[in-house]
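Me: Hi! I'm new to this one. Could you walk me through it?
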Amino acid sequence: MNDEDFMRLALAQADLALVAGEVPVGAVLVREGQVIARAHNTPVAQHDPSAHAEILVMRQAATALGNYRLEDCTLYVTLEPCTMCAGAILNARLPRVVWGAPEPKTGAAGSVINVFENGELNHNTVTQGYVLAQECSLPLQTFFRKQRMMQKSRTVFTHLRDDALRTPDTAFKNLPGYPWQPCYISDLPALNGLRMHYLDEGPADAEVTWLCLHGNPAWSYLYRHMIPVFVAAGHRVVAPDMPGFGKSDKPKKDSAHSFDRHRRVLLEFIEALDLRHIQMAVQDWGGILGLTLPMAQPWRFQSLLVMNTLLATGEQPLSDGFLAWRQMCADKPMFDVGKLFARGNPQMSAEECAAYNAPFPDAGHRAAPRAFPPMVPSSVDSLGAAVSRDAAAFLMEQWQGRSLMFVGRRDPVLGEAVMRDLQQRIRGCPEPVVLAQAGHFVQEHGREIAVHALQTFFNSDTAGDSQ
Ligand SMILES: [Zn+2]
C-alpha cells in the first residue's frame, strides 16, 4: 500500500465523521505497513475540544503499543493538522505525517504557521501535504455547505449595517428583461455583514456554471441578454452584484472598497456556493478582479469569456481613454449612469437605460462608483498590481482552460488595443471577435455573444433557438 491507499482509509474515517455530524476529518496510524489505529473527529459527541482525529488515533496506537513514543509510525490525516495536533505529534516523536487538504484558517503545517519547520521545536517529524487533497476536501465542503444552508434557513437577512445603505426594492420594480428572483448571501467573512445580491438561475446540478461578473458602474442587469441563452442550454448561471452595486448593500464610505476586499468576496462567494466547471464571463472590473481568481482555485474553472477589460499589472501606463474616464468620474461624481449606457447603445430603450440608475437613488449610494476608478492599479506598487501580475503569469504559463474574447470596438476606455494586449497574455486564447457596433458595455449585445460562446465551448448549435 502507498500513501494514497492509506489516505483513502483515513477518508473512510472522515466519511464516518460526516455521518455523525462532526467536522469530517479522519486519520489512520500505520506501523510497518499495517494500520494499527483509525479514528475520526468527535469533539461534538464527546464534548471534548481535543478530540481531533490525530489525537484519538495516536492515543489508540500508544495504548496498543504500550509506549507514548510512536517512533516508527506514519500518521495519515485528511486535513492539515492544527497547532494542538502538531504539538501532540511532536511529543509522540512521530517520524512522518501525511496530510490531505490544506486548512487555510488553522493549518499548522504551512497554511497559517509551520510548527514542523521550526528547528527548535522539531527534530523528528517530516510532513508531506496535499496527498489526495481534492478528495479530502470534498467531505469538508459538503459539511460546511450543509451547515451554511441550515444557517441560511434560520437567518432572515434583513439586518443592515449602520455604515451601509440598501437601495429600496421599489427602485427595481418592473425592470425590462430582468424577471429573476433575488438571492442573497451575507455570511462571507469578507462581506463583514453586508448583504450581497446574486442571481442563481438554471439547475443547481447542471454540468457547467456560468459565473458572470459585472464592472463599474453596472450590475447583474448587464447580463440579462446572456442569462436566458445559457439557461436554455441547460446550464446554471450565477451573477453576483458586487458590494456597492446593483441590489447589494452599499457601504457609505468610499474607503470601504478595496481591490483586495472585492477579490476576497468573490473567492469566498465561489467557495460558499461550491461552484465548479465554471465558465467565467467578465468585463471591466469583472475581469480586473475576475481574471485573478482562477489561479487561486484552478480546478473550479474551465473557460474564460473575456469582454472589454484588462489585467491591471501596473507595468504599462493606463490608456488615455481610461485616464479620461477616471477624470470625468472625479469631475462629475453624479454623472448619469443611464446616459452613459445610452450613449454607446442606441438600441437600448429609455427604461433599460434607467435600470442602470436604479441602484443609485442619491449620492450616498454612490461610494462604489466613486471609489472604483481610482482603484484600478496604475503602477507596479499599486494595491492589486502584484496579484494581477501573478494572475498574468498564471494565465500565460499554467492556464489549461478554454478562452474566448469579444471586443466592443466603440469603447474608448478598454477597447481593441487593450484587448489585443490581453489576448497575448492568456495561453491559448484565439483571435478576439470584434463587434463593430458594441461599445464598452459589450454585454448589451450579449445574446449573440452567448450563442457564439456556447457553440465554441460546447459545439452547441441549438442553444439560441428558444428565444
Ligand atoms: Zn487538530
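Me: How do helix 3 and helix 4 lie, and at what angle do their axes cross?
Reply: The axes of helix 3 (residues 53–65) and helix 4 (residues 83–91) come within 9 Å and cross at roughly 25 degrees. That makes the two helices roughly parallel, a label for angles under 35 degrees (over 145 is roughly antiparallel, 65 to 115 roughly perpendicular, the rest oblique). Axes are lines fitted to C-alpha atoms, for helices over the stretch in contact, and angles run from 0 to 180 degrees between N-to-C directions. Helices (H or I, at least four residues) and strands (E, at least two) are DSSP runs, numbered from the N terminus.

Me: Is this a predicted model, and how are residues numbered?
Reply: This is a predicted model, where local features need pLDDT of at least 70, side-chain atom pairs count only at pLDDT 80 or more, and totals for chains, interfaces and linings use all residues. Residues are numbered from 1 along each chain as its sequence is written.

Me: Thanks! Which residues meet between helix 3 and helix 4?
Reply: Glu54, Ile55 and Met58 of helix 3 meet Cys85, Ala88 and Ile89 of helix 4; contact means that C-beta atoms, placed from the backbone, lie within 7 Å.

Me: New topic: what is the strand order in the open sheet?
Reply: The open sheet has 5 strands in the order 2-1-3-4-5, with mixed pairing. Strands pair if DSSP finds at least two bridges between them. Strand 2 (34–40) and strand 5 (126–128) are at the edges, each with a single partner strand, so one side of each is left without a neighbour in the sheet.

Me: How many bridges link strand 4 and strand 5?
Reply: Strand 4 (residues 96–101) and strand 5 pair in the parallel sense over 3 bridges. One bridge partner in strand 5 is Val126, which goes with Arg96. Helix 1 (residues 3–19) packs on the sheet, and its direction makes about 140 degrees with that of strand 1 (26–31).

Me: And strand 13, how many of its residues are buried?
Reply: In strand 13 (residues 301–307), 6 of the 7 residues are buried, so it is largely enclosed by the rest of the structure. Buried means 20 or more other C-beta atoms within 10 Å of a residue's own (exposed is 12 or fewer, partly exposed in between), with C-beta atoms placed from the backbone. Strand 12 (residues 278–282) runs parallel to strand 13, joined by 5 bridges, and Met280 has Leu304 as its bridge partner in strand 13.

Notes: Contact = placed C-beta atoms within 7 Å.
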